Amino acid sequence: MVSTTSATTTALRVQARPAGFFVDVASVARRAIRQIPREPEAVIPALIVPIFFYVLNIGALSKITHQAAGFSFKSFELPVAVVFAVTGVSRASALVTDIQNGYFDRLMITPVRRLPLLLGLMTADLTLVMALAVPVVLVGLALGVRFHAGLLGIIVFVVLSGIWGLVFTGLPYAIALKTGNPGAVNASFILFFPITFLSTTFVPKPYLQGWLGTVANYNPMTYILQGLRSLIVGGGGIPGPTPSWNPAFLGQAVLAIAAFGTISLSLALLALRGRVRRS
Amino acid sequence: MPEPAIVTEDIARRFGDFWAVAGVDLEIAAGEIYGFLGPNGAGKSTLVRMLCTLMRPTRGRGLVAGHDVAREPELVRLRIGVALQDAALDDRQTGRELLDLQGRLYGLRRADRSVRVDQVLRLVDIGSAIDRQIKTYSGGMKRRLDLAAALIHDPDILFLDEPTTGLDPESRAAVWDEVRSLNEQHGTSIFLTTQYLEEADELADRVGIISRGRLVAEGTPAQLKRRVGTDVIVARVESLTDTTLKTLRSVPGVDEVVGAYNEVTVHAANGAAVMSPVALALHDAGTSVVSLTLRTPTLDDVFLQLTGSHLQDGASSDHTEHSSEHPDQPRQPEVETPRATEGGPDNSSEGVRT
């Protein structure tokens with residue numbers, strides 16, 4: 001008994017050492033994920049808003065689209081609702097808070113590798129956006145949307161959406177790391193609008209007029225939506241007698257995500273390098 | 001002879017045209033508490049940031065735990081613990097989560113982490129609040145948690161950048177106790193910056209005084225105060241007249257007499273010897289005395305002599321209300337309160353009240 005007591009009162013001499021890359025990523029991610037339920041005010045709108053607009057849009061437009069073009073608007077719009085839910089959700093504002101209050105410096109003084117400081121946050125983001133995509137899909141299913149690609153299609157749908165959400169975070173992170181300014185990070189939300197709306201958001205491509213059609217051709221979102229829709233309705237934009245899986249459309253979606261991700265993540269990594277460089 | 005904790009050679013840092021640190025040479029022994037004293041903007045934090053590997057020196061070099069801060073920052077980071085100015089914490093973690101994360105980043109195993117968390121908590125006394133979110137903590141608790149976070153990996157060298165700025169006297173005393181016991185029980189070398197004289201005086205084995213990016217003096221608190229050379233007798237009076245000053249100047253053994261408002265400061269080589277004659281002289285001059293204090297010079301007196309300006313408008317210990325949001329907020333002038341009689345900063349002072 002005595003020896004136990006003295007053992008616990010004697011200071012344990014520990015030796016600090018680098019924890020390892022993946023341990024660093026996991027440590028940073030754990031903290032970031034833990035924060036999410038503690039800020040419900042940041043998460044709940046990200047879930048409510050897309051579901052609200054989804055239900056509103058299909059309520060308002062289902063009949064017209066069905067009569068005019070003969071397709072199911074609720075199926076057509078479900079990918080849009082999911083994209084709304086996952087796009088722009090990131091820990092970038094939490095990162096800015098860390099930068100501003102000095103906690104980021106505290107992390108920088110530890111032996112943590114620099115890349116995991118960003119990758120850990122992105123891991124948390126991926127977890128969160130997947131978690132946001134699932135209830136939106138469930139709402140769609142509850143409203144009668146059926147995936148031609150089946151259960152596997154639903155999984156691919158959520159994963160693709162999640163990865164899109166992840167690559168989009170490159171932009172707010174780049175801004176957060178570059179500026180350290182919460183206003184600038186909030187303003188990054190405006191990037192959401194051209195990317196999500198200058199596309200086949202509400203109508204299939206043949207119906208897009210003039211300049212909007214041209215812009216949509218260059219917007220990766222057009223191909224992402226096309227790929228996601230193909231999992232639900234089969235052929236892509238418009239339902240028709242097509243096979244359940246459309247490798248071409250899915251491939252284009254993956255390419256669009258990869259192209260966007262190459263740019264956005266490069267910007268984020270450059271900004272991280274600038275931030276951690278001990279100028 | 002163990003290697004020095006910190007060595008700098010002409011370390012300097014420029015921002016644009018401004019040299020925040022303009023070439024500083026230091027050698028701090030292992031196990032030493034070194035107090036780096038200077039007003040706001042003197043370059044203290046910039047030096048700390050260079051030594052903690054957050055910022056590169058523009059020129060010169062710094063060795064911490066034997067490693068070059070510019071060339072081997074990874075090795076330096078393993079050996080140091082740092083509590084930067086304004087406790088840098090994350091409000092949405094609990095104290096325990098924050099400490100555990102800190103332990104993970106230092107590569108501590110799970111079992112070691114939980115033991116170390118318990119140990120640092122014993123040192124800093126946060127109590128059951130450790131499992132509450134940090135946003136519920138008071139300023140003093142945040143500082144103590146920040147200190148605990150800096151200690152989780154049992155560093156050899158601890159940097160404390162203004163550890164008590166903005167704290168109430170009670171919390172400040174608690175931090176002082178923690179710093180002392182850390183140094184005494186664990187032999188941790190401590191580099192402490194402060195703008196408070198009594199903090200340096202109270203804690204530091206040696207003090208460096210920094211002004212405008214340069215080290216202007218260095219030594220033990222006693223050595224530095226000896227530079228000023230004389231004892232100080234401060235008399236607070238109801239009204240100060242020229243006659244009073246004249247009478248005091250005529251007292252044998254008095255070197256200098258300075259009067260301001262209702263206070264008169266008497267410098268003397270041997271303060272105790274002239275205490276009675278000064279009291280008599282005041283009485284003879286018909287001056288009604290509120291208090292009469294003999295004290296040794298403070299570091300502020302040293303700073304004043306070296307730089308021609310007071311360390312801080314708030315050089316007294318009266319910084320209870322000092323808010324970290326307003327570091328430049330003018331504070332009550334020192335002359336308002338004869339601090340030395342309160343047993344605070346200056347252990348060697350003797351107070352005599354008439």
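In chain B, six strands, in a run of residues that DSSP marks E and that is at least two long, numbered from the N terminus, make up an open sheet of 6 strands with mixed pairing, in the order β6-β7-β8-β3-β9-β10. Two strands are said to pair if DSSP finds at least two bridges between them. The edge strands of this sheet are β6 (80-83) and β10 (214-219) of chain B, each of which pairs on one side only. Neighbouring strands are turned by 15 degrees against each other on average, direction ignored, where axes are lines fitted to C-alpha atoms, for helices over the stretch in contact, and angles run from 0 to 180 degrees between N-to-C directions.

This is a predicted model, in which local features need pLDDT of at least 70 and side-chain atom pairs count only at pLDDT 80 or more, while totals for chains, interfaces and linings use all residues. Residues are numbered from 1 along each chain as its sequence is written, and chains are lettered from A and ligands numbered from 1 in the order in which they are written.

Helix α1 (residues 44-51) of chain B packs on the six-stranded sheet and touches β3, β7 (157-161), β8 (189-194) and β9 of chain B, and its direction makes about 150 degrees with that of β7(B). Helices are DSSP runs of H or I with at least four residues, and two residues are in contact if their C-beta atoms, placed from the backbone, lie within 7 Å.

A second open sheet of chain B has 4 strands in the order β2-β1-β4-β5, with antiparallel pairing. Its edges are β2 (18-28) and β5 (67-68) of chain B, each with a single partner strand, so one side of each is left without a neighbour in the sheet.

The table lists strand pairs of chain B.

| Strand pair (chain B) | Bridges | Direction |
|---|---|---|
| β3 (33-37) and β9 (206-211) | 4 bridges | parallel |
| β1 (6-15) and β4 (59-64) | 5 bridges | antiparallel |
| β11 (231-237) and β13 (263-268) | 6 bridges | antiparallel |
| β11 (231-237) and β14 (289-295) | 6 bridges | antiparallel |

Within these pairs, the bridge partner of B:F36 in β9(B) is B:G208, and B:I6 stands opposite B:V64 in β4(B). For strand β11 of chain B, B:V234 has B:T265 in β13(B) as its bridge partner, whereas B:A235 stands opposite B:L292 in β14(B). Strand β11(B) is mostly covered, with 6 of its 7 residues buried; a residue is buried if 20 or more other C-beta atoms lie within 10 Å of its own, exposed if 12 or fewer, and partly exposed in between.

Chain B also touches chain A, and the contact takes 31 residues from chain B and 29 residues from chain A. On the side of chain B, α2 (73-79), α3 (95-105) and α4 (110-124) each supply at least two residues, and α3(B) gives the most, with 5 residues.

Helix α2 (residues 21-35) of chain A and α3(B) pack at an angle of about 165 degrees, with their axes 9 Å apart. The two helices are therefore roughly antiparallel to each other, a name given to angles over 145 degrees, while those under 35 count as roughly parallel, 65 to 115 as roughly perpendicular and the rest as oblique. Among the residues that meet here are A:V23 and A:R31 in α2(A), and B:L101 and B:R104 in α3(B).
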